[in-house]
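Reader: I would like a close look at the surroundings of the ligand in this model, and then at the loops and helices that can be described beside them. Please take the parts one after another and explain each term as you go.

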Amino acid sequence: MAALYLHLPFCFHKCHYCDFYSVVDTPAPRPGNPRQTTAPNRQPATVDRQPGFTRALIAELAQVAPDATPDPTSDPAAPLRPRTVFAGGGTPTFLRPALWDRLLAALHRGGTLDQTTEFTVEANPETVTPDLMRRLADGGVNRVSVGAQSFQQASLDALERWHRPESVATAVDACRAAGITNLSLDLIFAIPGQTMAMLDRDLDRLLELEPTHLSTYGLTYEPQTPLTARLRVGRVQAIDEDTERAMYARVLERLEGAGFAHYEVSNWARATPDHRHRCAHNLAYWTNANWLGLGPGAASHVNGHRWRNAPNLTRYLAHWDGDTPDTPPPTQDHERLTPDQRVGERLMLGLRLSDGIERAWVHENVSAGHRRAAAIDELLGLDMLEHTPTHLRLTRRGLFVADSVIAKLL
Ligand code: SF4
């Protein structure tokens, strides 16, 4: 098992663009947005579910580690020793420090972290405190991914994202003071109302903080989100496609100029000969390695078999508190990819990487008469794909329409 993902589902507010599984029922104290423009979209809390969740997550961990693995090709008694651990959410840094202590102790007790070289925790800047960062660092966390998204209040308001722009620098300082220097920052562009000058200011602030890694995303209007509902009724105007592409081009130009290597369509690592700042956990996803996800809504992938825990905290807690905790928790979306689908998926994931995918692998897995071979030839002719001596990869032109290029090869 290359990677372990932990889904910590609590947030103190639901950002309006977000479709990740998260719940907003933790009682106060919680950070708020002094400039909030719409009413908080949360229910008043009656029960604090963080302690129960932590117990449940530890119970789920105990079921898969140290002596259980669903990987049929490995020794059934092999302990779970992932090389990477990633705590996402939700807002993992909204879990209270004492509960983090329990979770980290459980991970150590089972030996789960014995071979882990990268342990990332996602953070909302408003919830990062020096105390929590010290506890995380003491518990083995060595990488933090801070959701900056923008450094301008107008853009954060447009996203209904509740943190203050100045909290990002404070969060970065707290991580560094605790000894966590491997820091990633997330940035969203093409936010309603954003201009190129605003994006430039965001990039200025981002680079001033000297992160080791960056993730940059054009805003996506996910179905079923409040932002998309506002778009539908005309209360929000999306940035047009040409401007979004120009913004992506500006991101490429600025980050390359600042010494970052663009190693995946949306991801950047400070350039070093040994690529040590690339996110090893996400690389496990992009290279189709095996990973296990724990927590409500967490997805897993083992040898072409995919599934996810039901995204429902109430059911998750009921399962682990109930009388059948020795069975797996409720899961859904089971899918076993056919060999043909696995080839499509490997192409999809591999071409997102700037290195691309090995030509030898393509030669072996895409036969000459197959529709994918014709699509690859066509895309080479259109200057969307190119061959290097060893790899097939997106061209600069193809990068701007990566999703539609890749869709032709699925
Ligand atoms: S903090 Fe993250 S997970 Fe929570 S609502 Fe906002 S974007 Fe979604």
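Author: What follows begins with the ligand and then turns to loops and helix contacts.

The model is predicted, so local features are given only where pLDDT is at least 70 and side-chain atom pairs count only at pLDDT 80 or more, while totals for chains, interfaces and linings use all residues. Residues are numbered from 1 along each chain as its sequence is written.

Around the ligand lie C11, K14, C15, C18, F20, S22, G89, G90, T91, N124 and G147, where a residue is near a molecule if its C-beta atom, placed from the backbone, lies within 6 Å of it. This shell comprises 4 nonpolar, 6 polar and 1 charged residues, with Ala, Val, Leu, Ile, Met, Phe, Trp, Tyr, Cys and Pro taken as nonpolar, Asp, Glu, Lys and Arg as charged, and the others, Gly among them, as polar. Two members of the shell, G89 and G90, are joined by a cis peptide bond with omega near 20 degrees. G90 sits in the loop between β2 (84-89) and α2 (97-109), helices (H or I, at least four residues) and strands (E, at least two) being DSSP runs numbered from the N terminus.

The helix that follows this loop, α2, has an axis that comes within 10 Å of that of helix α3 (residues 130-138), and the two cross at roughly 5 degrees; axes are lines fitted to C-alpha atoms, for helices over the stretch in contact, and angles run from 0 to 180 degrees between N-to-C directions. The crossing angle therefore makes α2 roughly parallel to α3, a term for angles under 35 degrees. In this contact P97, W100 and D101 of α2 meet D131, L132, R135 and L136 of α3, two residues being in contact if their C-beta atoms, placed from the backbone, lie within 7 Å. By class, the contact of α2 with α3 has 4 nonpolar, no polar and 3 charged residues.

Two other loops each hold a residue other than glycine with positive phi. In the loop between β8 (267-270) and α9 (280-286), H275 has phi near 55 degrees, and H275 is partly exposed, with 14 other C-beta atoms within 10 Å (a residue is buried at 20 or more such atoms, exposed at 12 or fewer, and partly exposed in between, with C-beta atoms placed from the backbone). For N303, in the loop between β10 (299-302) and β11 (305-309), phi is near 50 degrees.

Methods. Angles under 35 degrees count as roughly parallel, over 145 as roughly antiparallel, 65 to 115 as roughly perpendicular and the rest as oblique.
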